[in-house]
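Colleague: I should like to learn how to read the features of a structural model. May we go through one together?

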Amino acid sequence: MTNRQATSAEPPPGPGEPEDVPLEFTAFCELHRPRYLSYARVWLTEHSDAATAVHQAFAEIAVHWRELMGSSNPTAHAWEILRGTVAEHTRLEPPDPGPDPDRRPADDDLAILHYVVGLAAPEIADVIGTDAASVAGRLRRTMLREASGW
């Protein structure tokens, strides 16, 4: 079997995806797809809507793959693409941080990934492209902020 024959057995790229994706991109998708889908399902209750948003995010990531790989933190940039794509699908305005200037939508995402999706701090760090200690500290601050309002 020639290399050309081996690649012809692969599914064709989806709309907006480049035809020739690197193996590293395929591995990235396999690693992050389940967690990205879990996050998207929190915001988009229809499974098909969540899957479409994640597919679109991966298509955009694929288009910018070489650029992302040249950045200082490709995983963090990919996460921002996913967050933006999911937000577009929810058709909601970005949340108002309210009277607390330290509250950020990204911290709310950490709480969603931890308390709703069920990821531990090291897993969240892998998904969003940061270190586990930072995630744990931000989760504690978020929890304390919310508890002080009870």
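**Salt bridges and helix packing**

Modeller: Let us begin with one pair: R138 and D107 form a salt bridge through their side chains, with N and O 2.8 Å apart. The model is a predicted one. The two partners belong to distant parts of the chain, R138 to helix α8 (residues 132–148) and D107 to helix α6, 31 residues apart.

Colleague: What is the general idea behind such a pair?

Modeller: Side chains of opposite charge can pair when their charged atoms come close. In this case, R138 is buried at 13% relative accessible area, and D107 is buried at 4%.

Colleague: How many salt bridges does the count come to?

Modeller: The count comes to four. Among them is the pair of D109 and R83, whose closest N and O atoms lie 2.2 Å apart. This pair also links distant parts of the chain, since D109 lies in helix α6 (residues 105–116) and R83 in helix α5, 26 residues apart.

Colleague: Which residues are linked with R83 in a network of salt bridges?

Modeller: The network consists of E80, R83 and D109. Between R83 and E80, the closest N and O atoms are 3.2 Å apart. R83 and E80 are three residues apart in helix α5, so about one helical turn separates them.

Colleague: Is E80 buried or partly exposed?

Modeller: E80 is partly exposed, at 43% relative accessible area. R83, with 18% relative accessibility, counts as buried because the cut-off is under 20%. D109 counts as buried too, at 4%.

Colleague: I should now like to turn to helix packing. What describes two packed helices?

Modeller: The description uses the angle between their axes and the distance between the axes. Here, the axes of helix α2 (residues 23–43) and helix α5 (residues 74–90) come within 11 Å and cross at roughly 35°. The crossing of α2 and α5 is right-handed.

Colleague: Which residues make the contact?

Modeller: From α2 the contact involves F28, H32, Y36, Y39, A40 and W43, and from α5 it involves T75, A78, W79, L82, R83, V86 and T90. By class, the contact of α2 with α5 comprises nine nonpolar residues, three polar and one charged.

Colleague: How many helices and strands are there in the protein chain?

Modeller: The protein chain has eight helices and zero strands. Of its 150 residues, 33% count as buried. Among contacts between residues at least 6 apart in sequence, 68% join residues at least 24 apart.

How values were computed: Residues are numbered from 1 along each chain as its sequence is written. This is a predicted model: local features need pLDDT of at least 70, side-chain atom pairs count only at pLDDT 80 or more; totals for chains, interfaces and linings use all residues. Side-chain values use heavy atoms; hydrogens and water are left out. Axes are lines fitted to C-alpha atoms, for helices over the stretch in contact, and angles run from 0 to 180 degrees between N-to-C directions. Helices (H or I, at least four residues) and strands (E, at least two) are DSSP runs, numbered from the N terminus. A crossing is left-handed if the near helix is turned anticlockwise from the far one by less than a right angle, and right-handed if clockwise. Contact means heavy atoms within 4.5 Å. Ala, Val, Leu, Ile, Met, Phe, Trp, Tyr, Cys and Pro count as nonpolar, Asp, Glu, Lys and Arg as charged, and the others, Gly among them, as polar. Buried means under 20% relative accessible area, exposed over 50%, partly exposed in between (1.4 Å probe, protein chains only).
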